Structures are given as structure tokens and as C-alpha cells.
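User: Please take a close look at one part of this model. I would like a single strand followed outward to its neighbours, with every criterion stated.

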Amino acid sequence: MTTSIKKLILGDQGLLVIFILAFALVSLTVPNFLTERNMLGLLQSVVTVGVIACTMMFCLAARDFDLSVGSNVAFCGMVAVMASNATGSIFLGILTALAAGALVGLFNGVVIAKFRINALITTLATMQIVRGLALISSDGRAVGIDDPGFYQLALSRFLGVPTPIWVLAALFVVFGFVLNRTVFGKNTLAMGGNPEASRLAGVNVDWMRIWIFTLQGFICAVAGILLASRITSGQPNAATGLELSVISACVLGGVSLAGGRATMTGVIVGVMIMGIARTS
Amino acid sequence: MSAYLEFSGISKSYPGVKALSNVSFGVRKGAVHGLMGENGAGKSTLIRILSGDAAADEGTVRLDGETQHYQSTRDAFDAGVVVIHQELQLVPGLTVAENLCLGRFPATGGVIGFSAMYEDVRRKLELAGISVDPTRKVAELSIGERQMVEIAKAVMLDARVIALDEPTSSLSSRESEILFSLIDRLREDGRVILYISHRLDEVFRLCDSLTVLRDGRLAAHHETIKGVTRDQIVSEMVGREISDIWGWRSRPVGAVELEVDSVHGEKLPVPASFEARRGEILGFFGLIGAGRSELLRMISGADPRAGGHVRVGGVEIASGQPAEAIRKGVVLCSEDRKFDGIIQGRSLEENILISSRRHLTRFGVLDLRQEGQVAETFLKKLRVRTPSRKQDIINLSGGNQQKVILCRWLSEKGVRVLLVDEPTRGIDVGAKSEIYDILYQLAEEGMAIVVISSELPEVMGICDRILVMCEGRISAEIERADFNEQSILAAALPDEVTAASVG
């Protein structure tokens with residue numbers, strides 16, 4: 001009896017079992033937990049962590065690390081707001097923010113892959129630099145949005161479910177596919193498993209790392225835009241400590257910090273556990 | 001005389017594999033007992049059970065008639081069973097004596113009496129016939145000396161059973177000889193020695209009795225080694241007759257495929273040039289550090305070159321770009337499988353397809369069905385023993401891992417030159433001859449194959465032509481008809497060594 005319970009919890013699907021148990025427990029003990037309103041609230045609350053966990057998963061699976069995500073989210077939120085205000089076009093604002101985020105990621109990737117500087121050190125530095133940029137550009141204050149249409153990014157609903165949740169769901173699907181069904185995903189896992197063997201097997205390891213970080217930066221921008229829309233302003237101090245929540249969610253989801261192991265379902269469950277732990 | 005150490009009916013399963021099934025045999029007191037078998041035959045599992053590292057599913061281990069129940073390696077230790085693993089378990093930063101006394105320092109009120117400790121250890125080492133200075137740091141010792149220290153540890157613990165797992169794998173022949181005389185002395189003391197080795201010479205030199213395992217079963221048990229022949233042991237290990245493990249056959253050799261023209265680099269300053277032809281198996285022999293691996297790594301793009309040209313079928317290969325070399329048909333099976341060959345934690349399928357899957361994709365999206373088929377085809381072709389292609393590669397034996405790496409390159413399209421560095425290192429006899437066979441087939445299909453090996457019989461056995469390297473330069477070229485152990489060795493040894501041995 002005890003051994004089978006042990007097997008269930010410590011086995012491959014252990015995390016899912018724990019999640020279901022936790023979910024059931026919280027549903028029973030916390031009043032109003034299982035309501036539609038609360039469920040949507042829960043999902044809303046994990047959007048930022050969940051969106052970034054998608055690409056952080058790739059980073060970790062490739063034996064890398066990105067600590068700059070929190071700062072990058074704040075920075076991209078600022079850029080989105082300020083560029084929208086300056087150009088008068090939300091569309092251009094978003095585009096600028098996406099480009100800015102990707103640029104930060106590209107910078108990380110190039111420094112790490114080409115100059116061979118440790119990912120921890122590199123992203124620790126960009127974390128400070130990017131946060132600094134966000135603070136300087138806004139003078140340390142929150143920046144409001146001129147066009148109220150910007151709020152609609154986070155407020156609008158489709159089939160009764162807020163847009164950010166749809167974005168999150170879409171990213172889960174897309175990155176799950178990328179991880180399992182594309183050369184990019186498989187090469188990421190191979191690189192994390194054994195970088196030297198992968199290089200000799202013809203994987204362009206440098207190029208892969210640059211892409212992974214650029215993608216990470218781009219996704220940070222997506223999260224930053226959604227966050228800025230939800231808090232109706234660009235906040236230079238938004239999303240502090242986010243990097244650790246994201247990495248925790250990934251690790252909870254069974255992504256190996258030593259690289260080479262990651263599953264999308266694991267990360268989704270990890271994100272949800274973080275969500276439940278925080279909201280209830 | 002009845003058995004002192006007795007295994008009876010030992011079975012053990014791991015997920016997907018039956019590692020041992022119903023293994024029973026006994027070992028007398030004062031005997032060196034050989035334990036042989038191919039990789040994956042179950043030797044290590046048996047040793048793990050003996051040392052309390054794993055529990056048998058069925059069966060018992062008896063020591064001097066008492067059934068042993070070990071919960072941990074500590075229990076086995078206390079019962080007097082010591083296993084000396086290939087990876088030695090010493091603390092490098094401590095001295096020999098400190099290592100030997102670790103866990104039970106002679107101390108009064110927490111203060112170690114160093115002079116007494118060194119004196120005591122020195123006496124005990126002398127008694128055991130081990131000449132290692134107890135005050136030296138383990139980090140400064142050679143591997144052979146470290147092995148001695150490990151054995152000394154077992155002796156000082158008064159171990160009744162000492163199991164040695166491939167103790168000579170990294171020892172020089174002189175160091176091995178010292179080890180053997182030490183083992184002889186342990187035998188006279190009346191201890192039980194379990195000696196695990198691939199090397200038949202050693203087993204004949206040392207062992208009194210012998211057990212051969214195959215596929216987790218007892219294949220043979222010889223109460224005395226007298227009258228047992230090498231061929232007999234080999235066929236017991238492999239389960240079939242192997243008359244000529246090389247099985248070389250002549251084949252047509254075609255035009256020049258690989259041209260290496262004064263290639264040199266950081267680790268190989270002297271420019272090296274040679275050619276390899278279609279259908280030819282070209283061997284590189286030399287001492288470790290002669291520059292063979294460095295040369296092949298530069299050819300395959302694994303390391304950058306400082307200068308020189310590499311051409312395959314007339315097409316120039318750029319320096320330091322493995323991906324390009326692969327596209328142009330040059331692939332390298334490197335020497336250190338663990339470090340830069342296998343991808344740990346990933347399945348066989350993924351290990352095979354890492355390079356060749358680019359032929360199977362559309363817009364970067366994988367075709368999983370086709371990938372499965374390709375993996376399956378090559379696993380079958382190379383007879384890789386595995387329950388499934390989804391198996392993590394780390395669970396395979398060395399020989400099967402090597403075959404998977406070969407699968408990786410066979411599944412690649414348009415390979416013209418196959419560079420193989422130590423293709424059979426750490427691989428057992430049966431798998432070796434299978435790998436040779438694969439190399440012959442590929443050569444017959446017109447590939448140019450370059451093999452590095454440090455085993456002279458192997459290079460002489462399988463190659464059509466041998467290039468000998470010595471201290472970073474190619475020192476001789478010998479055709480198969482002129483193969484001769486002496487001349488190859490002479491070319492491989494640096495001048496002063498030859499001069500010394502002659503004079």
C-alpha cells in the first residue's frame with residue numbers, strides 16, 4: 001500500500017498527482033475557490049509567470065539561465081507605453097516593445113555564446129542594466145497611457161475568457177510543439193544533455209543559444225505588454241523577483257537545471273502550483 | 001573445501017532489464033576468483049549486491065555459512081566486504097595516512113596524534129608490502145599508487161572479502177605487476193578475492209577459480225582454472241564460437257577520397273599529410289599523446305586548424321566547423337563517448353537522429369513516424385541490444401552505446417569519410433567483432449575509414465594500411481602485407497626510448 005503511494009507520488013506523473021491533490025484540498029477548504037471568477041483570477045495571476053516559463057524552459061533545458069527576465073518585463077512594459085504615447089499608435093508601441101525585448105535577449109545570447117561569458121553573470125548584469133534603463137527613461141515614476149484602448153489588451157474577453165489567458169494558452173501549445181516536434185526543440189534538449197557531443201554532431205550550438213535568448217527576450221516583451229495593460233501603466237519597478245518565480249515554476253515542473261530534461265506539461269503544472277500557492 | 005563466500009539463486013531486475021537471474025556459485029577461502037563476462041552480463045550488479053549497494057530480488061549471499069542481510073554499503077563494510085571500484089574513493093586533499101584513518105582517527109580529546117598515526121600506518125603498509133609514503137597527499141600519487149592505498153584500506157579494515165573491479169584498466173604494466181604480487185600476498189593471508197577483468201592474461205596469471213556470466217546468467221563456473229583455455233572462456237562469455245575476432249577480408253580499394261595536406265594546429269605543430277582511399281580502412285597507431293586524436297579532430301572540424309587543407313572528394317572542408325564537415329561527408333566518432341559522444345538523458349532515437357533528422361523535416365517540424373522508422377532500422381542493422389528505442393542511452397552498455405553513435409553516422413546521408421577514434425575502447429569481445437564487421441561493410445560500400453587504436457593487435461587485425469605517429473609526426477607508413485609488430489612499435493616509440501631499450 002505505502003509502496004504504491006510512494007510510486008504514485010515519486011513516479012513520472014508524481015507532480016500531476018500532487019497538483020490534483022493540492023487542487024482538491026484547496027477546493028474543499030478555501031470557500032469560493034472553485035468559482036468561475038476565482039478560476040479566471042487564478043489563471044490571470046499566472047499569466048506573467050506562465051508566459052515567460054515557456055521560454056525559460058528552453059533556456060534551462062539548454063543548460064543556461066536567464067535572470068534578466070523580470071527587469072526585461074518591466075522595461076518592455078515601459079517601452080510599450082512610452083512608444084504608444086509618443087507615436088500615438090498602440091500597434092507601433094507594441095512593435096517597438098517586442099523589438100526592444102528581443103534586442104535585450106539577443107544581447108544576452110551574443111555575450112553568452114560568442115564571448116563565452118557565464119550566463120549567470122551575463123544575465124545578472126543585464127538584469128541591472130535593463131532595470132536601470134527602465135528607471136532612467138521614466139525618471140523612476142510610473143508612466144500612464146494616453147490611449148485607453150491599450151487597456152483593452154488585458155481587459156478584452158473572448159468567449160468570456162480574458163485575452164491574456166488565451167495568449168498564455170496559445171503559447172503553451174506553441175512552445176509545447178516547438179519543444180517536442182521541431183528540430184529547434186530537440187537540439188535544445190540535446191545541447192543541454194551534452195553540449196560538446198551536440199556540437200560535434202553538427203548542431204550549431206552558438207547559434208542555438210543566441211536564438212533561445214532572443215526568443216526569451218521577445219516573450220518577456222509579450223509578458224511586459226500584457227502586464228502594463230493590466231496595471232494600466234508602465235511601472236519601472238514592476239515584476240521584481242519574477243525571474244525566481246519563473247525558474248521555480250520550471251524546476252517544480254521537472255525541468256532539470258543540469259539541462260537536457262524538460263516537458264511542457266510539467267512546466268504548465270509547475271506554473272499552476274505556483275499560482276495556487278500564491279492565491280490561496 | 002567448502003565455499004567461504006556463497007551466492008545462491010541471486011536474481012535482480014531493473015526496469016526493462018533482467019540483470020541477474022538465478023546466479024549461484026561459491027568461492028573458497030584463500031582463493032582469487034575471477035569474475036568475467038561481457039559488458040552488461042551482470043558482473044557489476046552482482047558486485048553491487050555483494051557490497052550492499054543494491055538488494056537482490058531473490059536469493060542470498062552467505063559469508064562463512066552466515067546469510068548476510070545488508071541494508072547499506074556500510075553494513076557490508078562492517079561484515080568485512082570491501083569493493084574497490086574503478087573510480088577510486090579517496091580524498092585527494094588528504095594524506096595517505098589520513099585517508100586510511102578517515103572515520104577513525106587516533107585522537108585524544110579530538111586532537112589527532114599525527115606522529116603516532118603516521119608511524120602506525122607506515123608499519124601496517126610495510127606489513128602488507130605496500131611501498132607508499134603515508135605522509136604524501138593522495139593527489140600527488142599515481143593511479144597505481146592510489147589503487148594500492150585503496151587495497152591498504154581494505155587490508156587495514158581486515159576485510160574478509162575484497163572485490164576488485166577492473167583494477168588494471170588504468171595501470172601501466174609495471175604497476176599492474178606490483179598489484180598482482182600484492183594480490184598474491186592477500187591470497188596467502190586467506191582472504192577471498194573477487195577479481196573482475198576483461199583481460200584474459202590477468203585472469204590466467206592471478207585466478208585460482210573462475211565464474212563466467214552471460215546475459216545475467218551463470219554461463220560457466222570453473223572450480224579450478226587449470227586446463228581451461230582462452231578460447232573456451234571467450235566462447236563462454238560470448239555464447240558462440242569466435243575463431244578469428246578480426247575477420248579481416250580483402251576488398252577493392254578505389255580512388256583517393258580524403259586528402260589531408262599539411263594540417264597543423266595548436267596541439268599538433270608539425271604539419272601532417274596523408275590520403276585515404278575509398279573502401280580503405282586506414283589505421284593510426286601510436287602511443288597516447290602521439291597526436292592521432294588531435295589530427296582527426298582537426299580534420300573533422302572538431303578543433304580549428306592553424307593551417308593546411310582537408311579535401312574530401314576534391315571539396316575543401318573549412319576549419320573548425322563540424323556542421324559543415326558533416327554536410328560534406330566527414331564524420332567523427334570521438335574517443336570519449338561520455339564526454340562528447342552520447343547525449344545523456346535522451347533516448348536512443350534522439351541520440352541517433354540528432355544530426356540526420358534535418359533530412360526528415362519540413363520547415364523544422366519533425367516527422368516522428370519516419371524518425372522512429374529510421375532509428376528502428378539502424379538499431380536493428382547494428383544489432384543494438386535494447387528493450388526500446390525510447391530507452392535512455394545512459395542505460396546501455398559501452399558496446400551498445402558505441403553502436404548507437406555509429407547508428408548516428410550511418411543514418412546521416414552521404415558520409416564519405418568515417419573517422420573513428422578508439423572504436424572498441426571498453427567494449428567486450430563479442431561487440432568488438434560486430435563493430436569490426438560494420439566497419440568492413442561500410443568500407444565495402446565505398447566509404448573511406450580512418451581508425452585510431454592504441455591496441456596494436458586491433459590495428460594490425462582490421463586495417464589495410466597503418467600510419468604510425470610518434471610525438472606529433474607521422475613516423476611510418478606500412479602496408480598490410482608488411483605488417484610486423486616490431487617495426488610498428490619501433491616507429492611508435494620515441495628515439496630515446498628505443499635507444500635505451502636497445503643499448
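Analyst:
**A strand of chain B in its setting**

The centres of domain 1 of chain B and domain 2 of chain B, taken over C-alpha atoms, are separated by 37 Å. Their contact takes 6 residues from domain 1 of chain B and 5 residues from domain 2 of chain B, two residues being in contact if their C-beta atoms, placed from the backbone, lie within 7 Å. On the side of domain 1 of chain B that touches domain 2 of chain B, the residues divide into 3 nonpolar, 2 polar and 1 charged. Here Ala, Val, Leu, Ile, Met, Phe, Trp, Tyr, Cys and Pro count as nonpolar, Asp, Glu, Lys and Arg as charged, and the others, Gly among them, as polar.

This is a predicted model, in which local features need pLDDT of at least 70 and side-chain atom pairs count only at pLDDT 80 or more, while totals for chains, interfaces and linings use all residues. Residues are numbered from 1 along each chain as its sequence is written, and chains are lettered from A and ligands numbered from 1 in the order in which they are written.

Chain B is divided into domain 1 (5-238), domain 2 (244-329 + 414-503) and domain 3 (341-412); such bounds come from an automatic or database domain assignment.

The part chosen is strand 3 of chain B, residues 32-36. Helices (H or I, at least four residues) and strands (E, at least two) are DSSP runs, numbered from the N terminus. The open sheet that contains strand 3 has 6 strands, in the order 6-9-10-3-11-12, with mixed pairing. Its edges are strand 6 (81-84) and strand 12 (217-222) of chain B, each of which pairs on one side only. From one strand to the next the twist averages 20°; axes are lines fitted to C-alpha atoms, for helices over the stretch in contact, and angles run from 0 to 180 degrees between N-to-C directions.

Strand 3 pairs in the parallel sense with strand 11 (residues 209-214) of chain B over 4 bridges. With strand 10 (residues 192-196) of chain B, strand 3 also pairs in the parallel sense, over 4 bridges. Two strands count as paired if DSSP finds at least two bridges between them. B:Gly34 stands opposite B:Leu210 in strand 11 and opposite B:Tyr195 in strand 10. B:Leu35 stands opposite B:Thr211 in strand 11.

In a regular strand the side chains alternate between the two faces of the sheet. From strand 3 of chain B, B:Val32, B:Gly34 and B:Met36 point one way, and B:His33 and B:Leu35 the other way. The strand is mostly covered, with 5 of its 5 residues buried. A residue is buried if 20 or more other C-beta atoms lie within 10 Å of its own, exposed if 12 or fewer, and partly exposed in between, with C-beta atoms placed from the backbone.

Beyond the strand, the largest nonpolar core has 165 residues, of which A:Ile52, A:Ala53, A:Met57 and B:Ile449 touch the most other members. A nonpolar core is a set of buried Ala, Val, Leu, Ile, Met, Phe, Trp, Tyr and Cys residues joined through C-beta atoms within 7 Å. A second, separate core of 63 residues includes B:Phe7, B:Leu20, B:Leu125 and B:Ala219.

Finally, the contact between the chains takes 24 residues from chain B and 20 residues from chain A. Helix 10 (322-327), helix 11 (337-340) and helix 12 (348-356) of chain B are the elements that give two or more residues to the side of chain B that touches chain A.
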